[in-house]
Every structure is written in structure tokens, then in C-alpha cells.
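Open the model in your viewer and keep the sequence panel in sight. The stops below say what to select and what is found there.

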Amino acid sequence: MSMGHAGWQSWRSFTGDSAVTKQKLAPGTLRRIFRFGAPYKRELIIFLILVVIDAVIGTLNPLIFREIINKGILGHRVGLIEVLAGVIAGLAVAAAALSLAQRYYSVRVGEGLIYDMRSKVFEHIQRMPIAFFTRTQTGALITRLNNDVLGAQQAFTGTLSSVVSNVISVSLVLVAMFALSWQITLVALLLLPVFVIPARWMGRRLQTITRESYQLDAKMNTTMTERFNVSGALLVKLFGRTDEEARIFRERAGRVRDIGITQAMYSRIFFVSLMLTASLATALVYGWGGVLAARGALDVGTVVALTAYLGRLYGPLTALSNVQVDVMGALVSFERVFEVLDLEPMITDRPGAEPLPAGARTIEFDDVHFAYPTAEEVSLASLESVAKLEQTSSQQVLHGVSFTAEPGQLVALVGPSGAGKTTISSLVSRMYDVRSGAVRIGGHDVRDVTLSSLREAIGVVTQDAHMFHDTIRSNLLYARPEATEDELWEALSGGQIADLVRSLPDGLETMVGERGYRLSGGEKQRLALARLLLKAPSIVILDEATAHLDSESEVAVQRALETALEGRTSLVIAHRLSTIREADAILVIDDGRVVESGRHEELLAREGLYAELYRTQFQRQEVLEAVRD
């Protein structure tokens, strides 16, 4: 092992956060780590064998130098010199081959582990309930998939190989040095604290500024993520905060720059100090050993061998003096990954769940009570960037809700904001599970059917339909990847947006932009309806799909809705009551209860909450029209 590589390992060890050594690992963490590495057991064994052989070869060279000098040069044995020189060349070739082989197996194991862990974490997060995503910071999840997975991978391919290699190298080097001259070896070891003690102090300083650097980087990443998306950029411009945002960013970036300079200088001081200590030890060996050699107490070859061993002693010893930080850092990364994997999804298929029968369209709510899950049920403190999760218990949102939507019926949900309308619609597709009572589709409790079949039968369009930053074609195919070209255009026609797409230069290959921002609100809603039509669900849920549209866009969307709802059982959450006059049934929701139900004319005649909401909205509309006139 060269001084440069050993020095880098030592530097990495000293810059690791020593705070990790104070953390207590969950029971069974090591066992789980070994299970994770089990598929790569063969590669790991070969990798470790190569590391050991490499360490042994590195220890042999100084002994060969000694023989060349003592028996070859001083003994005037040319043949021996040539043979030993050939051995050194052979060992160099072997070391190079070993280095390549080590790298190959290191990459095989490391990249395999990254693939396995990222895939498992991503799949697990995808299965989490929507409540999990409403609480969790996106950046924290991405960190688990990137930084922590890489840290866990480092445990196998970095920390493990470093510890094994350093332990073997130091052991072999010390045995050889003590055998050559125990007096010089002891004195050389006494010089080590001269470097290690200041390095530990410097390491603590580096840990502090490194943590600050990570925090500042995270803040800058958050700032860029929030300001560079369309909504953030629009907000900054509308409030005229461009200069202020630039000033704040410059301050943070300036601090990162200053920290970078400090880290670079500490790094240089570290390596210079390590090299200086090794040079002083070399001077000592040459000085003392040279005197002993001149007096005949020590041979010249031994002095050279001892000097060569010094370069293979200080770096590994320094790294091993702080190895606990490396090991615990890797183990903590594993534990942070396991922490996510151990958070069980609340919404899963029950044992024995069966697919929802085709054509099931009746929606039935039977005395449904519901409260949103608590933080402890769906989240982790570390993913919310808080020290402790909220302890507040959730309040009851729905109280004994019962109704039935028959096949082909359009049932409208109306009521004040926060009454529980969207919650009701979310229970149909099992975004959440009821606390008591039951939600049934076609007579089947939604908790007894498979999630895939349930969600295949349901199509949802919200007031802000999400579009991926991709083409119109890709966004449509998300609903049904096997759809043909004719089916795509048929869906677009049904969504009243085919003519617009045909008029675009790139047609179906037009990029919609982040969240569909290159489309107007009405265009995006019609594209969302086209996507729903392509899916062809038996049940449709519309959550205020026309709430934020202008009159012209609303007319176009309403025409698209007629196609989308035809022959399907529909739940429609309506803000504009004029749009649901023809509904087969209107449910008036207030404080989580169905307080009225009936058709439009019946509810107006009752002079209840619906009539009050309708008159209030109608009067507001008259005022707005009068203002416009």
C-alpha cells in the first residue's frame, strides 16, 4: 500500500463524523447487513483473498531489497541480483493484476449492492400510502436513495477492504520490522503520536465545518429546487424578490466557498504532516541505522528495508486509530436504509385478496367512520427533519357516512370546504382505509380485493391533474402502455383536445413541460380526461375538475366530461353547483356527515344547506357579472 493511498484512507477516517460512534444500532443490524451481502458472498470472499495477497506482496518487497543489497550487491553475486530483480518485477506485475482484479470484484459487489438497495427502497416507497408522502420531505427520501445507499455500499467495498488490508499490512510490517531491529521499530512507533494527536484535533474541527457544509449544501439544493420549478419562479417574480433571492444565495454559496478553502488547507496540512512524520522517521532510521551499520551492528540492507517499511506503516496505523468512525459510519448508513424498509405500508393487499370482478360498478358506503392516520403510523422523524414526530391524535373526519351510487349513476358531493368530500373520494380507491364501517365496490369490500385490480377499475381526475415532464404520447400511455395510435387519437377526441394536438408542430411528441405547465389549465384538464378515457375505467371520480377554469375552458371540459362519464358510475366533487344540476343524486356533506341527499330541485325545495349554498353562489355570480358589465 502506497503512502498516498494510505494517507487518503487516513484523511477520510479523520474527516468522518465521530458523532456516529455514539449512536446505538438496532438489534440485528449486523445480521441484516450480512443477509444483504449474501448474494455476493462468493465475490466478497474472492475480493478479500485478493486484498490479503496484495498486502502480503507489499510486505515482501522490502525484504527482497535487503537481500539484493546484502547478498547481491555487497556479495558481488550478479546472478542473484538479476533473479531478485526479476522477482520484484514479477511481484509488480502481480500487484498490478491484483489491483485490477480487486477493482473488478469491488465494482461487482458495490454496484450490485447499490442496485439491490435502491431498487428495494424505491419499490418500498412506491407502496407507501399517500399519507406518507404528505408528511415526508422529498429531499430526505432522495438522500436515502443516494447518500445512505452509497454509504452502505462503502461498508463492503471501502471500509471492509480497508480494515482487512490495513490490519494485515500493519501486522506483517510490524513483525518484519521487529525481526529486523526491535530498537529502531520502537523509536519509529514513538513518533506516531506526534502526528496522530494533532490530527485528531484537526479531525474534530473538520467534522464541525463538514457538517455545516452539508447543511449549507442541503439549503442551497432546497432553494434551487423550489425556485427553479415553474411555481417557485413565478412566485419570486410576482413578489419582485429576484435580487433578494440572489443575495441570500450568494451568502450561502460564499460560506460554502470559505469552508471549501478551509477544508483544502486542512487536507494539505494533514498530508504534509503525515509525510513530514514519515520523513522524520526515515531520517531517524537512516541516521541511527546508518551509524549501527557503520559500526557493524546492522547490515546496510536491513536499514533500507526498515526505511521502506515506514511508508507502509504510518498511513495504515493512522487509519486504524480512527477505524471505529469508519465502521460505525457505514453501519449507520445501513440502519438508515433499514429504517425506511421497516416502515410498513398501511395500505396493502390482505392475505387471500382476490381481483375485483370485471364490470363491478356499484359504490356503497356503509356507516363509514374515518380519521387520518397519525404521524407515528405513516412517517419517520428523520424523514420529516424533526427530532420527534407529532403526538397529536387525528380528529374524526367522517361520521357514519352511508350512501349508494348505482351502476351508471352520477352522484355529486357538495358542501363547504373541509367538509370531507375529497376524503370520501379517497376512500373509494383506498388511498386511505376506513376506521370502521365499509366501502364496497360491486358488493366487494375494497379491503378484500387486490389494490391493482381496484385501481384499474377507477379513474380519477383532480382539479390540478399532474403531468410528467414528457411528451403528450408518454403522458397518455401512462394510463395504458399497450394502447395503439388509433386508440390514442380516439381518447384525445373524446377529451375534446385532438384538434389542438394535431395543430402542434410535434403533435403527440410535444413536451408538456414540468407538471404540464406548457399547457393552459383547460388544455391540461382535457388531456387528463383523455388519459382517463384511454384507461377506460368502470368508475370515475372527479375532484373539482373544473374549479379553476375560465368559462370557455369549462365548456370544453364539460363536453369532454360528457364522454368520460357516459355509462360509468361517477362521483363528482363540485365547487360550481350549476355543473351538477342533472346529477342522479346530490349528497350534501357537512362536518363529515351526509346532511342532505336528493336531486337538484328536491334539495332547493327543502330550503336546507344546499339551497343556501346555491343561492350564495348564484348571488356571487350575479355580482361578478355586474362588476364585469
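Begin with the whole protein chain and its contacts between residues at least 6 apart in sequence: 80% of them join residues at least 24 apart. The model is a predicted one. Colour by secondary structure, and the protein chain shows 22 helices and ten strands. Colour by burial instead, and 44% of the 629 residues come up as buried.

**Stop 1: a helix pair**

Select residues 41–73, which form helix α3, and residues 300–310, which form helix α10. What angle do α3 and α10 make where they pack? The angle is about 160°, and the two axes lie 8 Å apart. Angles over 145 degrees count as roughly antiparallel, so α3 is described as roughly antiparallel to α10. The crossing of α3 past α10 is right-handed.

Now show the side chains at this contact. On α3, select T59, P62, L63, F65, R66, I69 and N70. On α10, the partners are V300, G301, T302, V304, A305, A308 and Y309. Coloured by type, the residues of this contact between α3 and α10 come out as nine nonpolar, four polar and one charged.

**Stop 2: the nonpolar cores**

Move to the largest nonpolar core, which has 42 residues. Which of its members touch the most others? They are L476, L492, L527, L542, I580 and Y610. Next select helix α19, residues 521–535: this helix supplies seven residues, the largest share of the core.

Centre the view on I580. Leaving out residues up to four places away in sequence, I580 touches A412, V414, V572, A574, I586 and Y610. Y610 also belongs to the group of core residues that touch the most other members.

A second core, separate from this one, holds 35 residues. To find the second core, select F370, V378, I441 and I541, which are among its members.

**Stop 3: G598**

Select residues 593–598, strand β10, and pick out G598 within the strand. Is G598 buried or exposed? G598 has a relative accessible area of 13%, and under 20% counts as buried, so G598 is buried.

Show what surrounds G598. Residues up to four places away in sequence aside, G598 touches A585, I586 and L603. I586 was met at the previous stop, as one of the residues touched by I580. Finish with a distance: the C-alpha atoms of G598 and D584 are separated by 8.1 Å, with the two residues 14 apart along the chain.

Key:
Residues are numbered from 1 along each chain as its sequence is written. This is a predicted model: local features need pLDDT of at least 70, side-chain atom pairs count only at pLDDT 80 or more; totals for chains, interfaces and linings use all residues. Side-chain values use heavy atoms; hydrogens and water are left out. Axes are lines fitted to C-alpha atoms, for helices over the stretch in contact, and angles run from 0 to 180 degrees between N-to-C directions. Helices (H or I, at least four residues) and strands (E, at least two) are DSSP runs, numbered from the N terminus. Angles under 35 degrees count as roughly parallel, over 145 as roughly antiparallel, 65 to 115 as roughly perpendicular and the rest as oblique. A crossing is left-handed if the near helix is turned anticlockwise from the far one by less than a right angle, and right-handed if clockwise. Contact means heavy atoms within 4.5 Å. Ala, Val, Leu, Ile, Met, Phe, Trp, Tyr, Cys and Pro count as nonpolar, Asp, Glu, Lys and Arg as charged, and the others, Gly among them, as polar. A nonpolar core is a set of buried Ala, Val, Leu, Ile, Met, Phe, Trp, Tyr and Cys residues joined through side-chain atoms within 4.5 Å. Buried means under 20% relative accessible area, exposed over 50%, partly exposed in between (1.4 Å probe, protein chains only).
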